[in-house]
Amino acid sequence: MSQNLIKWLATILMVIDHTGLLLEIEPMRIIGRLSFPLFAWISAQNWKRREAKSSAKPLITRLLVFGMVSQIPYILLFNKLEFNILISFALVVITFTQIHKAPTNKKILVMIMGMIAAQVWEVSYGWYAVGCPLLMINLKGKGDRMWWIAWFITNVIYAATSGYLLQVFAVLTPLILSWHNPSRDRKPTAVEKKFFYYFYPIHLAGLAALRTII
């Protein structure tokens, strides 16, 4: 399974999740719990490839612009006054950038500050939005025992503190990632790079419109 295929799978799971929210079908929402961790893994992989090789400013700007475009349909669909997932990932990239720049003895402090900022600014998934990609960047193959323990504890804590217990099913995500075959990865086309940025607000607007009809 290539990284690009995993991204498409994450997108499909996201649509299933949001449709399940609209129709109030719990099994669809359980399946959808795998979506965000998959996107978090993709974000981590992209960062590992780029690191200091190029400026992160264009990516942050793109995430913020499309995040703002998506905000109204997001609020209408979810009925929540919080920032959507594109804003969350903008904060993730900012946190990754600052961790990379920080001296070794301050990297953990920067990581904690990123998670606090996510919680205070009320982005989608809160502190978990930053914590999840930070864990995913250290996933090696099928992971190791300590990584799995940290992954399990993180998801359980988030499920308990957010009050959304279904999120605990996200612990299964690395089982999908174990099928990743790096030899199948290829550089995405220009269309593939831009697709999700346009698709995200469009699908939110469509589902929000359906919500007014149903």
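A residue counts as buried here when its relative accessible area is under 20%. By that cut-off, 47% of the 214 residues of the protein chain are buried in this predicted model. The fold is built from helices: ten of them, with zero strands. Read from the N terminus, the order of elements is simply α-α-α-α-α-α-α-α-α-α.

As for overall dimensions, the C-alpha trace spans about 55 × 40 × 35 Å along its principal axes. A compact globule with 214 residues would be expected to have a radius of gyration near 17 Å, and the chain has 17 Å, so the two agree. Contacts also reach well along the sequence. Of those with a separation of 6 or more, 71% join residues 24 or more positions apart. One pair gives a feel for the distances involved: Glu26 and Pro133 lie 107 residues apart along the chain, and their C-alpha atoms are separated by 25 Å. Glu26 itself belongs to helix H2 and counts as partly exposed, because its relative accessibility is 49%.

Next comes the interior. In soluble globular proteins, nonpolar side chains tend to be buried together. Here, the largest nonpolar core takes in 61 residues, and the members touching the most others are Phe36, Leu63, Tyr128, Met136, Trp151 and Tyr200. Helix H5 (residues 85–101) supplies the largest share of this core, with ten residues. Leu63 makes a handy entry point for anyone browsing the model. Setting aside residues up to four places away in sequence, Leu63 touches Leu86, Ile87, Phe89, Ala90, Val93 and Tyr197.

Some serines are tucked away too. Ser43 sits in helix H3 and counts as buried because its relative accessibility is 14%, which is under the 20% cut-off. Beyond its neighbours within four places in sequence, Ser43 is in contact with Phe89, Val92 and Phe96. Phe89 is also on the list of residues touched by Leu63. Ser2 is found in the segment before H1, and with a relative accessible area of 15% this residue is buried as well. The partners of Ser2, again leaving out neighbours within four places, are His180, Asn181, Arg184 and Asp185.

Now for the open spaces. The largest pocket holds about 910 Å³ of space. It is lined by 26 residues, of which Lys7, Asn46, Arg49, Leu59 and Tyr197 are the closest to its centre. Two or more lining residues come from each of H1, helix H3 (35–50), helix H4 (57–78), H5 and H10. H3 makes the largest contribution, seven residues. In chemical terms, the lining of the largest pocket divides into 13 nonpolar, four polar and nine charged residues. Tyr197, one of the residues closest to the centre of this pocket, is also touched by Leu63.

The second largest pocket contains about 640 Å³ of space. Its lining comprises 31 residues, with Lys80, Glu82, Ser124, Tyr125 and Tyr158 the closest to the centre. Several helices take part: H1, helix H2 (26–32), H3, H4, H5, helix H8 (145–162) and H10 each supply at least two residues. H1 has the largest share of this lining, at four residues. By class, the second largest pocket is lined by 16 nonpolar, nine polar and six charged residues.

Finally, there is the enclosed space. The structure holds one cavity of 30 Å³ or more, and about 70 Å³ of space lies within the largest cavity. Its lining is made up of Asn4, Lys7, Trp8, Thr11, Glu192, Phe195 and Phe196. The elements giving two or more residues to that lining are helix H1 (3–23) and helix H10 (190–213), and H1 gives the most, with four residues. Sorted by class, the lining of the cavity has three nonpolar, two polar and two charged residues. Lys7 turns up in two places, as part of the cavity lining and among the residues closest to the centre of the largest pocket.

Definitions and conventions:
Residues are numbered from 1 along each chain as its sequence is written. This is a predicted model: local features need pLDDT of at least 70, side-chain atom pairs count only at pLDDT 80 or more; totals for chains, interfaces and linings use all residues. Side-chain values use heavy atoms; hydrogens and water are left out. On a 1 Å grid over the protein atoms alone, a cavity is a set of points where a 1.4 Å probe fits but cannot get out, and a pocket is an open set with protein on both sides within 12 Å along at least five of seven lines; lining residues have an atom within 4 Å of a point. Grid points are joined across faces, edges and corners, and a volume is the space filled by probe spheres set on the points. Ala, Val, Leu, Ile, Met, Phe, Trp, Tyr, Cys and Pro count as nonpolar, Asp, Glu, Lys and Arg as charged, and the others, Gly among them, as polar. A nonpolar core is a set of buried Ala, Val, Leu, Ile, Met, Phe, Trp, Tyr and Cys residues joined through side-chain atoms within 4.5 Å. Buried means under 20% relative accessible area, exposed over 50%, partly exposed in between (1.4 Å probe, protein chains only). Contact means heavy atoms within 4.5 Å. The radius of gyration is taken over C-alpha atoms; the globule rule is 2.2 Å times the number of residues to the power 0.38.
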